[in-house]
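Colleague: I've got a structure to learn my way around, and I'd like to know where each label comes from. Could you walk me through it?

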Amino acid sequence: MYKIVSIPGDGIGPEVVAGALAVMNRLAEKHGFTIAIEEHPFGGASYDLHGEMLTEATLEACRNCDAVLLGAVGGPKWESLPHEHKPEAALLKIRRELGLFANLRPAKVYDALIDASSLKADVVGGTDFVVFRELTGGIYFGQPRGYDENKGWNTMVYERYEVERIARIAFEAAQKRGGRVTSIDKANVLEVSQLWRNVVHEVHRDFPEIELSDMYVDNAAMQIVRNPKQFDVIVTGNLFGDILSDIAGMITGSLGMLPSASIGKSHALYEPIHGSAPDIAGQNKANPIATIASVAMMFEHSFCMPDIANEIYQAIETTLAEGLRTADIANAGQSAVSTTEMTAAIVKNLGQ
Ligand code: NAD
Ligand code: IPM
Ligand code: MN
């Protein structure tokens, strides 16, 4: 039996998480395993209920389960709260408390969606890379931080061990993939990036068969758009990884397509890379595929069931090949289906 904690959060979070749970339940039924899903409030939804974005009860539940499934947090309603009380701060707290230092964000283009990207088909077709984003350090967590009337400040800091552990798992992933790692930094300007680069090269000594290259982050943003197929494994810090993975999202057609796995020594959390999309929340319009594919990553990484993960990817592929499109991936003239219709089609394509 697998114990899963679901924290749908805000905006489209509950809509896309409902899709992912439907897929999970279908798979449990089909293969005869049991999953116990426990839902807990998180983010703005929790604040409205309990006056806290992340209660001790939600955090404790996340500590005591096999995997966490998260929708998204945030929205205009809670935007004006002080920084440390914003929903986004609760997301950072959960990542830090669970020790989720590695955020895997795979960008793979489905053949059926090659025309959905804003880039040319021959540029995006065949793209298949993964971003290893460091998730519990860097400028997101560095001290001092703050602002007053005249000044705002944050600190970008990395410790050797933080770089070592993310570099190591990126090299290990490359061993099972195309054997190439690109480390992305800003070492021409930032001292913290020089440390990053030095440590990545030291760790590389243990992986002599892997081809390592360095790239500055500004060039990398351009290269992902120019020729995304050049990348296999990207390893980078928290802020750069955040930005580059949204760019990667558009290669695959939409931000609504990109799943992620946040992994640590003893916990794992799965979430789409997109946010709560307040502009379409509550309208049954959101693309549930990023969250459904995050469940595939859960089966792969937390439950060591790559066959089940492949069934999910296959059902997504078939559904897209049948021509179903939510609004974000529909081209002009193509009619769009709702979140629930897309979900139902994927569940159906999982078979009996
Ligand atoms: P966003 O990712 O929520 O939305 C950006 C654009 O992409 C919007 O136009 C949205 O409609 C579209 N989009 C995103 N996901 C989609 C989906 N599944 N289907 C169809 N369209 C989709 O980013 P934003 O607007 O900058 O942020 C909104 C809120 O979400 C903010 O409060 C932000 O802090 C928060 N946020 C949370 C997370 C998270 O919980 N992990 C991630 C990013 C942003
Ligand atoms: C993401 C989001 C978060 C981040 C925010 C909401 C804290 O953009 O998961 O990509 O920057 O990590
Ligand atoms: Mn982001």
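Modeller: Sure, let's begin with angle words: under 35 degrees counts as roughly parallel, over 145 as roughly antiparallel, 65 to 115 as roughly perpendicular and the rest as oblique. Keep in mind that this is a predicted model, where local features need pLDDT of at least 70 and side-chain atom pairs count only at pLDDT 80 or more, while totals for chains, interfaces and linings use all residues. Residues are numbered from 1 along each chain as its sequence is written, and chains are lettered from A and ligands numbered from 1 in the order in which they are written.

Colleague: Why are helix 1 and helix 12 called roughly parallel to each other?

Modeller: The axes of helix 1 (residues 13–31) and helix 12 (residues 339–349) cross at roughly 15° and come within 10 Å. Anything under 35 degrees counts as roughly parallel, so that is the label for helix 1 and helix 12. Axes here are lines fitted to C-alpha atoms, for helices over the stretch in contact, with angles from 0 to 180 degrees between N-to-C directions. The helices themselves are DSSP runs (H or I, at least four residues), as are strands (E, at least two), numbered from the N terminus.

Colleague: Which residues of helix 1 and helix 12 meet?

Modeller: Glu15, Val16, Gly19, Ala22, Val23 and Arg26 of helix 1 meet Thr339, Thr343, Ile346 and Val347 of helix 12; contact means C-beta atoms, placed from the backbone, within 7 Å. By class, this contact of helix 1 with helix 12 splits into five nonpolar, three polar and two charged residues. Ala, Val, Leu, Ile, Met, Phe, Trp, Tyr, Cys and Pro count as nonpolar, Asp, Glu, Lys and Arg as charged, and the others, Gly among them, as polar.

Colleague: What makes helix 6 and helix 7 oblique?

Modeller: The axes of helix 6 (residues 160–176) and helix 7 (residues 191–204) cross at roughly 50° and come within 9 Å. That angle fits none of the named ranges, and the rest count as oblique, so helix 6 and helix 7 are oblique to each other. Among the residues making the contact are Val163 and Phe171 of helix 6, and Trp196 and His204 of helix 7. The contact of helix 6 with helix 7 has eight nonpolar, one polar and three charged residues.

Colleague: How do you know which residues surround ligand 2?

Modeller: A residue is near a molecule if its C-beta atom, placed from the backbone, lies within 6 Å of it. For ligand 2 that gives Gly74, Glu88, Leu91, Leu92, Asp242, Ile273 and Gly275. Helix 4 (residues 87–97) supplies the largest share, three residues. Ligand 1 is surrounded by 22 residues, and Gly74, Gly256, His274, Gly275 and Asn287 are the closest. The shell around ligand 1 has 11 nonpolar, seven polar and four charged residues.

Colleague: Which residues does UniProt place under "binding site"?

Modeller: The unreviewed UniProt entry places that feature at Asp218, Asp242 and Asp246. They are spread over 29 residues of sequence but cluster in space, with a largest C-alpha distance of 14.3 Å. Asp218 sits in helix 8 (residues 217–226).

Colleague: What is there to see at Pro144 and Ala277?

Modeller: Gln143 and Pro144 are joined by a cis peptide bond, with omega about 0°. Pro144 is in the loop between strand 5 (128–134) and strand 6 (146–147). Ala277 has a positive phi of about 40° although it is not a glycine, and lies in the loop between strand 12 (268–270) and helix 10 (289–301).

Technical notes. Two residues are in contact if their C-beta atoms, placed from the backbone, lie within 7 Å. UniProt positions are given in the numbering used here, feature names are shortened, and annotations may be inferred rather than shown by experiment.
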